[in-house]
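Open the model in your viewer and keep the sequence panel visible. The stops below go from the inside of the chain to its surface.

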Amino acid sequence: MSDYEKRLSNESIRCVQVDGVLNFRFLGNRIDYTALDAVALGVADAETDPEIRAIALQIAADGDDPENPLPVPQRFAHRIPKGSHGHGPIVEQATLLALRECTKPLIAYMCDEVNGVAIDLAAACDLRIANDSMTMCDTRILQGRAANTGISYLLPKLIGQSQAMRILLLGERLSADEAHRIHFVHQVVNDAEFDKYVTEFSIRIARMATRAWQVHKMQVLGQQHLDFESAMIHSLGVRQTHVINDRVEGIKAWRERRDPEFSGT
């Protein structure tokens, strides 16, 4: 059992480290604070752990339970206001921020039912893979609630304002194929092959030049609001301050017409 599994696995989420992949699998039909905080803490630790080359979130949940989210983790206790109004989405935002700040490969595997805050988690990942049976729906608008987790920022950038408004304001249920059509989901996989695909694709990503992945990601996320000239300056700064050791092996393997053996550094 890995240290991650011992520290982070609980009744709401299972965490497993294997073949360079840190895999989180949400348990049950609702996402609670215990599960969200485990993801936030695990992703933050994995960012500086050379043994972790990629992170996978296996998401199948009908959002959160607004009436029973479980106690707020103690590390956020100083941010909880008193009174009947209740606290804001502090834990949810902390988890989305941890995912957003992680430069290592993040893959969301969306299975069966993916609603509410489960969509938010997937949106913060680099790639989203769904099984055939997956449907997604943001029901918070139908409950008279607001999505204050950062999804209003992420979703328009991923699929455009029009489709983001459709999901956030209408509460429509989208099929896996429709999610793929609007470019939220990158690939739809047959139900019978999904579990095998999750394992094989995660390992494949972990064996890539993941340091180069990080550098690409730093550029894309860091240049969202820059003009082109500023973006080029930003890219140069990233290039000059982030060494990719794997480029030597990559070029050598290309010349020798063989598969590269990347270290992730």
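A residue is called buried here when its relative accessible area is under 20%, exposed when that area is over 50%, and partly exposed in between. The model is a predicted one.

**Stop 1: helix 3**

Select residues 90-101, which form helix 3. Its twelve residues reach 16 Å from the first C-alpha to the last, close to the 16 Å expected at 1.5 Å a residue. Now colour the buried residues of this helix: I90, V91, E92, A94, T95, L96, A98 and L99. What lies over them? The cover includes helix 2, strand 3 (54-62), strand 4 (106-115), helix 4 (117-123) and helix 5.

**Stop 2: the nonpolar cores**

Which residues touch the most other members of the largest nonpolar core? Select F24, M136 and F184, which do so in a core of 55 residues. Helix 2, residues 33-46, gives the most to this core, with seven residues. A second core, separate from that one, has 16 residues, among them V189, Y197, V198 and I205.

Go back to F184 and show its contacts. Leaving out residues up to four places away in sequence, F184 touches M110, I119, A122, A123, R128, M136, L155, L158, I159 and A179.

**Stop 3: helix 9**

Select residues 210-222, helix 9. At 1.5 Å a residue, its 13 residues should span 18 Å, and the end C-alpha atoms are 18 Å apart, so the two values agree. The buried residues in helix 9 are T210, R211, A212, W213, Q214, V215, K217 and M218. Among the elements that cover them are strand 4, strand 5 (127-131), helix 8 (194-206) and helix 10 (228-241).

**Stop 4: salt bridges**

The model has 14 salt bridges, counting a side-chain nitrogen of Lys or Arg within 4 Å of a carboxyl oxygen of Asp or Glu. Three of them are worth selecting in turn.

Start with R30 and D62, whose side chains meet at 3.8 Å, N to O. This pair links distant parts of the chain, 32 residues apart: R30 is in the loop between strand 2 (21-26) and helix 2, and D62 is in strand 3. Is each partner buried or partly exposed? R30 counts as partly exposed because its relative accessibility is 37%. D62, with a relative accessible area of 17%, is buried.

Next, select E178 and R181, which form a salt bridge of 2.9 Å, N to O. Both sit in helix 7 (residues 176-181); they are three residues apart, so about one helical turn separates them. An α-helix has 3.6 residues a turn, so residues three or four places apart point the same way. E178 counts as buried at 17% relative accessibility, whereas R181 is partly exposed at 48%. Add R166 and E172 to the selection: with E178 and R181 they are linked in a network of salt bridges.

Then move to R258 and E256, whose side chains meet in a salt bridge of 2.5 Å, N to O. R258 has a relative accessible area of 30% and is therefore partly exposed. E256 is also in the partly exposed class, at 43% relative accessibility.

**Stop 5: a nonpolar surface patch**

Switch to a surface view and select I141, L142, M165, L169 and L170. These residues make a nonpolar surface patch of about 470 Å². I141 is in the loop between strand 6 (135-137) and helix 5 (151-159). At 35% relative accessibility, I141 counts as partly exposed, and patch members need over 30%.

**Stop 6: positive phi**

Most residues other than glycine have a negative phi. Two residues to check against that are D19 and D112. D19 has a phi near 50 degrees and lies in the loop between strand 1 (13-18) and strand 2. D112, in strand 4, has a positive phi of about 60 degrees. D112 counts as partly exposed, because its relative accessibility is 38%.

**Stop 7: a distance across the model**

Finish by selecting N68, in the loop between strand 3 and helix 3. N68 is partly exposed, at 46% relative accessibility. How far apart are the C-alpha atoms of N68 and L221? They are separated by 34 Å, and the two residues are 153 residues apart along the chain.

Key
Residues numbered from 1 in each chain as written. Predicted model: local features only at pLDDT ≥ 70, side-chain atom pairs only at ≥ 80, totals over all residues. Heavy atoms only, no water. Patch = residues over 30% accessible without salt bridge, like charges linked within 9 Å, V, L, I, M, F, W, Y side chains within 5 Å. Areas by Shrake-Rupley, 256 points an atom, 1.4 Å probe, with all protein chains shown as cover. Helix = DSSP H or I, 4+ residues; strand = E, 2+ residues; numbered from the N terminus. Buried < 20%, exposed > 50% of the residue type's maximum accessible area, 1.4 Å probe, protein only. Core = buried A, V, L, I, M, F, W, Y, C linked by side-chain atoms within 4.5 Å. Contact = heavy atoms within 4.5 Å. Expected span 1.5 Å × (residues − 1).
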